[in-house]
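Visitor: I should like to understand how the terms used for a protein model are justified. May we take them one at a time, setting each value against its definition?

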Amino acid sequence: AYAGAPLYFIGHLQKNKVKYLIGKVCLIHSVDSFELAKVIDKESAKNGLVTDILIEVNVSGEESKFGVAPGDLCNL
């Protein structure tokens with residue numbers, strides 16, 4: 001937290017960057033794959049932490065946008 005304020009990460013996140021966020025943010029807004037969620041869980045566990053996440057859903061179906069398709073949400 002910065003000066004007592006909780007920090008959130010918003011935006012596309014690459015799996016290889018997760019290690020730089022764990023312990024610095026309390027919420028990641030942009031999880032769009034099971035693989036990314038697994039990396040967040042693994043890095044959080046290594047640090048004895050739980051990191052809250054929000055799933056990013058691509059409701060428009062645009063290929064230029066990130067997020068899981070609504071039909072694949074339950075599988076994630």
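## Terms and their reasons

Visitor: Which residues does Asp32 touch, not counting residues up to four places away in sequence?

Guide: Asp32 touches His12, Glu56, Phe66, Gly67 and Val68. Please bear in mind that this is a predicted model.

Visitor: What makes these pairs contacts?

Guide: A contact means heavy atoms within 4.5 Å. Each of the five residues listed for Asp32 is therefore a residue with heavy atoms within that distance of it.

Visitor: Where is Asp32 found?

Guide: Asp32 is found in the loop that joins β2 (27-31) to α1 (34-46).

Visitor: How do you know that Asp32 has no salt bridge?

Guide: A salt bridge requires a side-chain nitrogen of Lys or Arg within 4 Å of a carboxyl oxygen of Asp or Glu. For Asp32, which is buried, the nearest side chain of opposite charge is Lys15, 7.9 Å away. Because 7.9 Å does not fall within 4 Å, Asp32 has no salt bridge.

Visitor: How many salt bridges does the structure hold?

Guide: The structure holds one. It is formed by Glu43 and Lys46.

Visitor: Why is the pair Glu43 and Lys46 called a salt bridge?

Guide: The closest N and O atoms of Glu43 and Lys46 are 3.3 Å apart. The limit is 4 Å, so the pair meets the definition. The two residues stand three places apart in helix α1, which means that about one helical turn separates them.

Visitor: Are Glu43 and Lys46 buried or exposed, and how do you know?

Guide: The relative accessible area of Glu43 is 14%. Buried means under 20%, so Glu43 is buried. Lys46 has a relative accessible area of 59%. Exposed means over 50%, so Lys46 is exposed.

Visitor: Why is Cys26 called partly exposed?

Guide: Cys26 has a relative accessibility of 34%. A residue counts as partly exposed between the limits of 20% and 50%, so Cys26 belongs to that class. This residue lies in the loop between β1 and β2. Leaving aside neighbours within four places in sequence, Cys26 is in contact with Pro6, Leu7, Tyr8, Thr51 and Asp52. Its C-alpha atom is 8.6 Å from that of Ile53, although the two residues are 27 apart along the chain.

Visitor: What makes His12 partly exposed?

Guide: The value for His12 is 37%, and it lies between the same two limits, so the conclusion is again partly exposed. His12 is likewise placed in the loop between β1 and β2. Apart from residues up to four places away in sequence, it touches Ser30, Asp32 and Phe66. The C-alpha atoms of His12 and Ile28 are 9.8 Å apart, with a separation of 16 residues along the chain.

Visitor: What makes β2 largely enclosed?

Guide: Four of the five residues of β2 are buried, so the rest of the structure largely encloses this strand. In the protein of 76 residues, buried residues make up 25%.

Visitor: How do you know that β2 and β3 pair?

Guide: Two strands pair if DSSP finds at least two bridges between them. β2 and β3 have three bridges, so they pair, and they do so in the parallel sense. Among the bridge partners are Val31 with Ile55 and Leu27 with Asp52.

Visitor: What joins β1 to β2?

Guide: Two bridges join these strands, which run parallel. The requirement is at least two, so this pair qualifies as well. One of the bridges links Phe9 with Ile28.

Visitor: Why are β1 and β3 called edge strands?

Guide: The three strands form an open sheet in the order β1-β2-β3, with parallel pairing. β1 (8-9) and β3 (52-55) each pair on one side only, and are the edge strands. As a general matter, the strands of a sheet pair through backbone hydrogen bonds.

Visitor: Which elements does the protein have, and in what order do they run from the N terminus?

Guide: There are one helix and three strands. From the N terminus on, they run β-β-α-β.

Key:
Residues numbered from 1 in each chain as written. Predicted model: local features only at pLDDT ≥ 70, side-chain atom pairs only at ≥ 80, totals over all residues. Heavy atoms only, no water. Buried < 20%, exposed > 50% of the residue type's maximum accessible area, 1.4 Å probe, protein only. Lys, Arg positive; Asp, Glu negative; His and termini not counted.
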